[in-house]
Amino acid sequence: MLSLQGKRCLITGGSRGIGLAIAKLFAAHGAGCTLIGRHEESLATAVGSLQQTGASLPHNSHAFDVSRQSGWSDLVRSLKTDRVDVLVNAAGVSQNSLLFKTSCDKLDEILDVNLKGTILGCQGVIPIMMKQKSGCIINVSSLLATHGGRGASVYAASKAGVIGLTRSLAWEVGRFNIRANAIQPGYIQTDMTRGAVFPRPFSLVPLLPMDKDGGLAALIPIGRLGTVEEVAEAALFLANNSYAHNCVLNIDGGLSAT
Ligand SMILES: NC(=O)c1ccc[n+]([C@@H]2O[C@H](COP(=O)([O-])OP(=O)(O)OC[C@H]3O[C@@H](n4cnc5c(N)ncnc54)[C@H](OP(=O)(O)O)[C@@H]3O)[C@@H](O)[C@H]2O)c1
């Protein structure tokens, strides 16, 4: 029986997409969720959607940029004596450009949000988990971390960093009864993939819109993109399974086989 009854979960990228789906599922299993994103308004709407699930603990949100250390220290200070049972690092930004066309500003943004933001989240929350002698960290990486992707060089590098971080943390925090795991989604239907374009195979310049020529779905063995709910189920498994540690779980419709 999967249950997060009475658990307090911090979820970055909780305002929409995969992060929000994880929050909804965690809340439905009894967790109180703190959602993190940059925009107060979308966070308030997201928290409202959680309250409808009727979980026993209150839900709330904090708006800040996860790549800023000050945002994390303010959050940790505001928690006071609260527990953090599960940290999900799902905030992320994507890339749809070949490396030679990617600006330095975009490069900084991708590394700052996807990698530094995840590192700072772990750094901020691990001392709390060490004090309570338990906790679970779930970092959302990407299949591109290990398989690469055209037009996704910096994104893939940032997500490969997330896997390295997770594996290193597994060494560092296991003895404190803190588990560290990662999810590697393939292509999932969210704002991130909606309308995205992907560089055409074997060609440097033209971009392939997802909805043309069969688009991405035709490249995925199962024949479709994944849903956020399917990724959320993986997160729920990792949050609950007490022997899941250093687990890198791919949810990709078989894309990793291609
Ligand atoms: N969708 C996919 O196919 C796919 C595949 C593999 C991995 N992933 C990974 O899964 C995670 C979630 O992706 P998604 O598809 O759900 O994306 P999404 O729908 O675009 O949502 C991104 C989330 O990240 C938040 N965010 C972005 N930059 C932030 C920042 N600097 N500080 C705080 N929050 C920030 C956004 O909130 P605000 O905009 O309000 O800040 C939003 O909640 C990402 O790490 C992504 O790389 C996605």
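At 31% relative accessibility, Asn 246 counts as partly exposed, and this asparagine is a convenient place to enter the structure, which is a predicted model. Asn 246 sits in the loop that runs between H7 and E9, and its backbone has a positive phi of about 65° although the residue is not a glycine. Most residues other than glycine have a negative phi.

The loop that holds Asn 246 also holds Tyr 243, placed between helix H7 (228-240) and strand E9 (248-251). Tyr 243 has a relative accessible area of 78% and therefore counts as exposed, the cut-off for that class being over 50%. Although Tyr 243 and Arg 179 are 64 residues apart along the chain, their C-alpha atoms are separated by 8.2 Å.

A second asparagine with a positive phi can be found in another loop. Asn 177 has a phi near 65°, and it too is a residue other than glycine. Its loop lies between helix H6 (153-173) and strand E6 (178-185), and with a relative accessible area of 48% Asn 177 is partly exposed.

Asn 177 also leads to a further loop, since it is in contact with Lys 133. Once the neighbours within four places in sequence are left aside, the contacts of Lys 133 are with Phe 176 and Asn 177. Lys 133 itself belongs to the loop between helix H4 (104-132) and strand E5 (135-140), and its relative accessible area of 58% makes it exposed. The C-alpha atoms of Lys 133 and Gly 71, which are 62 residues apart along the chain, are separated by 24 Å.

From these loops one can step back to the chain as a whole, which has seven helices and nine strands. The radius of gyration is 18 Å, close to the 18 Å that the globule rule gives for 258 residues, so the chain is as compact as a globular protein of that length. Taken along the principal axes, the box filled by the C-alpha atoms is roughly 55 × 35 × 35 Å. Among the contacts with a separation of 6 or more, 72% are between residues 24 or more positions apart.

Turning to the surface and the interior, buried residues make up 49% of the 258 residues, while the chain exposes about 12400 Å², of which carbon and sulfur atoms supply 55%. The chain carries 23 positive and 18 negative charges, and the mean positions of the two sets are 5 Å apart.

The cysteines complete the picture. A disulfide is a covalent bond between the sulfur atoms of two cysteines. How many disulfides does the structure hold? It holds zero, and the distances for individual cysteines can be followed one by one. For Cys 33, the closest cysteine sulfur is that of Cys 9, and because the two sulfur atoms are 5.0 Å apart, they are too far from each other for a bond. Cys 33 is buried, with a relative accessibility of 0%. Cys 122 is likewise in no disulfide, and the nearest cysteine sulfur, which belongs to Cys 136, is 11 Å away. With a relative accessibility of 1%, Cys 122 also counts as buried, because that class takes in values under 20%.

Terms used: Residues are numbered from 1 along each chain as its sequence is written. This is a predicted model: local features need pLDDT of at least 70, side-chain atom pairs count only at pLDDT 80 or more; totals for chains, interfaces and linings use all residues. Side-chain values use heavy atoms; hydrogens and water are left out. Helices (H or I, at least four residues) and strands (E, at least two) are DSSP runs, numbered from the N terminus. The radius of gyration is taken over C-alpha atoms; the globule rule is 2.2 Å times the number of residues to the power 0.38. Buried means under 20% relative accessible area, exposed over 50%, partly exposed in between (1.4 Å probe, protein chains only). Contact means heavy atoms within 4.5 Å. Accessible areas come from the Shrake-Rupley method with a 1.4 Å probe; for residues, only the protein chains shown count as cover. Lys and Arg count as positive and Asp and Glu as negative; His and the chain ends are not counted. The place of a charge is taken as NZ of Lys, CZ of Arg, CG of Asp or CD of Glu. A disulfide is a pair of cysteine sulfur atoms within 2.5 Å.
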